[in-house]
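Look through the structure below from its overall fold to its surface. The text then takes up one patch and one pocket.

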Amino acid sequence: MGQAPRPRGAQRPGDMGRKAGADDEAPRCCGCRFPLLLALLQLALGLAVTVLGFLMASVSSSLLARATPFWAGIIVCVVAYLGLFMLCVSYQVDERTCIQFAMKLLYFVLSAVAATACVLAVAFAAHHHAQLAQVACESTLDACRCKLPSSGPLGRTLVYRDVSDCSSVTGTFQLFLLVQMVLNSVCSLVCLSACFVMWKHRYQVFHVGVRMCPLTAPQGQQPKV
């Protein structure tokens with residue numbers, strides 16, 4: 001006997017399975033599966049910030065640590081090395097062991113700390129750059145004295161020791177501050193993106209609303225509203 005004709009619009013039982021499998025195997029970007037690109041960017045930016053910070057420290061021996069943010073670059077490099085080490089361990093979106101969970105949590109926390117450090121470095125560099133933009137500098141025997149404008153009789157003076165020419169402060173060092181602001185701004189965005197990727201891997205499924213009826217109803221029955 002011949003098979004009864006299938007109603008128009010009806011789907012075979014295997015069609016739903018194939019569609020579900022196609023949705024599960026939908027292509028994703030490499031950065032969504034593991035933040036390898038973000039870790040490499042963190043390493044490159046961290047090295048650049050660290051090297052530039054030590055170059056800034058060589059301009060004058062009296063510069064404070066906040067004026068030479070090599071510390072921010074070191075923190076970012078440590079986070080990047082941890083992220084690259086996670087790639088060597090079999091990385092999976094759903095952690096199977098306590099070690100994988102601990103590493104992902106540590107990477108998330110350190111990325112947030114690194115982003116905060118980069119924001120602080122940007123704030124310090126912007127403040128110092130704003131001061132150098134309005135100072136009047138003069139060279140002495142072994143230092144460069146830059147006086148800030150003030151309405152009162154006493155004005156604040158910035159002293160840069162071991163500087164023979166003030167142009168290295170008002171020119172080179174001021175340019176270093178601008179580059180640090182740009183590098184740390186980009187670095188903070190990369191660290192925040194790494195935090196978002198790790199958070200998305202942990203909580204990537206959201207259920208909105210309540211399903212009132214099953215997706216496929218048995219034949220002969222209509223879903224109730």
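A residue counts as buried when its relative accessible area is under 20%, as exposed when that area is over 50%, and as partly exposed in between. By this rule, 33% of the chain's 225 residues are buried. The model is a predicted one.

The chain is built from six helices and three strands. Their order along the sequence is α-α-α-α-α-β-β-β-α.

On the surface, Ile75, Phe101, Leu105, Phe108, Val109, Val113, Phe196 and Trp199 make a nonpolar patch of about 680 Å². Two elements, helix 5 (98–132) and helix 6 (167–202), give two or more residues each to this patch. Helix 5 contributes the most, with five residues.

Val113 is one of the patch residues, and it lies in helix 5. Is Val113 buried, exposed or partly exposed? Its relative accessible area is 42%, so Val113 is partly exposed. A patch residue needs over 30% relative accessible area, and the 42% of Val113 satisfies that cut-off.

Helix 5 also takes part in a second feature, the lining of the second largest pocket, to which helix 5 and strand 3 (157–161) each supply at least two residues. This pocket has a volume of about 300 Å³. It is lined by 14 residues, and those closest to its centre are Leu64, Arg66, His128, Arg156 and Leu158. By residue type, the lining consists of seven nonpolar, four polar and three charged residues.

Helix 5 thus appears in both places: it gives five residues to the nonpolar patch and at least two to the lining of the second largest pocket.

Key. Residues numbered from 1 in each chain as written. Predicted model: local features only at pLDDT ≥ 70, side-chain atom pairs only at ≥ 80, totals over all residues. Heavy atoms only, no water. Patch = residues over 30% accessible without salt bridge, like charges linked within 9 Å, V, L, I, M, F, W, Y side chains within 5 Å. Areas by Shrake-Rupley, 256 points an atom, 1.4 Å probe, with all protein chains shown as cover. Salt bridge = Lys/Arg side-chain N within 4 Å of Asp/Glu carboxyl O. Helix = DSSP H or I, 4+ residues; strand = E, 2+ residues; numbered from the N terminus. Buried < 20%, exposed > 50% of the residue type's maximum accessible area, 1.4 Å probe, protein only. 1 Å grid on protein atoms, 1.4 Å probe; cavity = no way out; pocket = protein on both sides within 12 Å on 5 of 7 lines; lining within 4 Å. Points joined across faces, edges and corners; volume = space filled by probe spheres on them. Nonpolar A, V, L, I, M, F, W, Y, C, P; charged D, E, K, R; others polar.
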